[in-house]
Amino acid sequence: MTDLTAIRSVLAEPFMQRALLGGLLTGGLGGLLGSFAVLRQLSFFSDALGHSALLGISLGILLGINPTLVLIPFAVLFALLVNQLVSRSGLPADALLNIVYSTSLAFAVVALSLVETYRGGIQQLLFGDILGISWQDLAVIAVLLVAAIAYLALSLRAQVLLTLNSDLAGAFGVGASRHHLAFIVLLAVVVAVSIKAVGVLLISAFVVIPACAGRLLSRRFSVYSLVSAGLGGGCALLGLLGSGLTNLPSGPCVVIVQFAGFLLALMVSQMSRRPTATAEPAEHRIPGAGPAAPGSR
Amino acid sequence: MGSPPVVQVQNLSVLRDGLLAVDGVSFALARETDTALVGPNGAGKSTLVAALLGLLPRSGGSVRILGQELGPAGELPRSVRSQIAYLPQTLALQGRFPLTVSEFVGFGFDLPGLNLAWLGGGSRGRRQAIQQALQRTGCGDLGVRLLSELSGGQLKRVLLAFCVVRPRRLLVLDEAQAGLDVPSTEQFHQLLLELRRQEGWTVLQVSHDLEMVRRSCDQVLCLNRRLRCSGSPDHALSPERLLELYGPNVVPYRHQHNHAGAQRP
């Protein structure tokens, strides 16, 4: 009964209501975008974007401009530049992204150290401040979520074919570079908008963990994206509620709940995994490949 | 007078990484014929195919597909693009990829552009087309399996189902049999031959399997940056031509006897 009263009192707070709604929307958005980003091996890209966002915020503070206004164009520009670098440099993407994100982090910390008033606020930037989310922020996130759902649903064929093989996609009429760029820009905007709630260090968890859990639980692609979005939103709600009840930091609480959800998904998928139903005739097998088992390719 | 060629390539040149990978190549693919593109590694075969499909920019020349000029950035009218099918060597199916065979084949049925044709499995006609395509390619029992659970041979048949789920005119294969063992390769070619006849496909296939090319293709294009020779398999794959194309290390082997009725010693 005491617990229920505590939950009620937490839910009665307007800032908590905004935070829960913000968590639901941000978590859902992260899970939805993450379901595509993980399969396209762009999860590290979202991490690098998150770190670069800190540089965008720092520049905004240094120049005396509202950081939120700087962040979205900065993240988009940064994403497009990194995308060009990855495609033109001939270096491995993970190494290049590592260079980019550690350098931007270094510049951001140096820039922040020059601003007296922001020295105490770096923890908020790193781990987010979802409790400080405003109705205006919520409106922006909601619009972005609707736009992301509409774009990804309408272009699902293009997104899936592009993930499987860009030449296959192009041959079957998909504007591969156009859709790739659109997705990168969308991911950059989502990361930029979510930074305030989630923080620079934890943003990649919002993109990667629900998507990986969804991948373990789903067989159909459309279901996988929905499950990932649902897990993202649901874990954010539970984590924030736990944070409100225990007075622990909100962003890390959400990530811990996401991790618990991932472990649960892993257990469920292990328990439900059956041996391949139809044994493949020997003449169909590739020599040395062994029996066709889930995830064996 | 015969029907116009399905593909007409004139003086095609393609730059790749600053090098002229394809240099002034011209050829035509007549309707319902099977043409093989052969040549050593690095000869520009995949580059030529990519340029022909509009996936790579051309540095010179022209490509006409089904009477329509391919635009500088690979543009083709949607009605022509939907008549083209392509089989790549591989798909990026790392780990557990949440996509069933039926879902994948369904995307082969849908037309390019933004749409929600996939929603709820799609229309009745779409679901029937998927089922028929799976049946015709011997994948009737694979519909609910994950694409990432399939063996190499099964995956190739599913890719053929992806192509056959909607009527098409041109099929381009880029070493589609790579990674298959001998029985799976044979089975794949039998299926391809059967579908080609039924569908009236014009086929262009990049291949290193010269014996298969000799047996089943109508025309051979020998490429090594330039078109070295072309013609019937007997003409283009003669020992002298192969020596010219591949160098002295290739010994042409011709499998001539018939296995039918053969007895074990």
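Here is a short chat about how chain A meets chain B, and about two helices of chain B, in a predicted model.

Biologist: Hi! How many residues does each chain put into the contact?

Modeller: Chain A brings 42 residues and chain B brings 51 residues. Keep in mind that this is a predicted model.

Biologist: And what area is buried between chain A and chain B?

Modeller: About 4,200 Å², with carbon and sulfur atoms giving 58% of that.

Biologist: How many salt bridges are there between the chains?

Modeller: The count is one. Arg219(A) pairs with Glu149(B), and their closest N and O atoms are 3.5 Å apart.

Biologist: What about polar contacts across the interface?

Modeller: There are 17 residue pairs in polar contact between chain A and chain B.

Biologist: Which helix of chain A gives the most to the side that touches chain B?

Modeller: That would be α8(A), with six residues. By class, this side of chain A has 18 nonpolar, 14 polar and 10 charged residues.

Biologist: New topic! How do α5 and α6 of chain B sit relative to each other?

Modeller: Their axes come within 11 Å and cross at roughly 10 degrees. An angle under 35 degrees counts as roughly parallel, so α5(B) is roughly parallel to α6(B).

Biologist: Which residues meet there?

Modeller: From α5(B), Lys156(B), Arg157(B), Leu160(B) and Val164(B) take part. Their partners in α6(B) include Phe188(B), Leu191(B) and Glu199(B).

Biologist: How does that contact split by class?

Modeller: The contact of α5(B) with α6(B) has six nonpolar, one polar and three charged residues.

Technical notes: Residues numbered from 1 in each chain as written. Chains lettered and ligands numbered in written order. Predicted model: local features only at pLDDT ≥ 70, side-chain atom pairs only at ≥ 80, totals over all residues. Heavy atoms only, no water. Contact = heavy atoms within 4.5 Å. Buried area = accessible area lost by both parts, 1.4 Å probe. Salt bridge = Lys/Arg side-chain N within 4 Å of Asp/Glu carboxyl O. Polar contact = N/O pair within 3.5 Å; in protein donor to acceptor, adjacent residues only side chain to side chain. Helix = DSSP H or I, 4+ residues; strand = E, 2+ residues; numbered from the N terminus. Nonpolar A, V, L, I, M, F, W, Y, C, P; charged D, E, K, R; others polar. Axes fitted to C-alpha atoms, helices over the stretch in contact; angles between N-to-C directions. Parallel < 35°, antiparallel > 145°, perpendicular 65-115°, else oblique.
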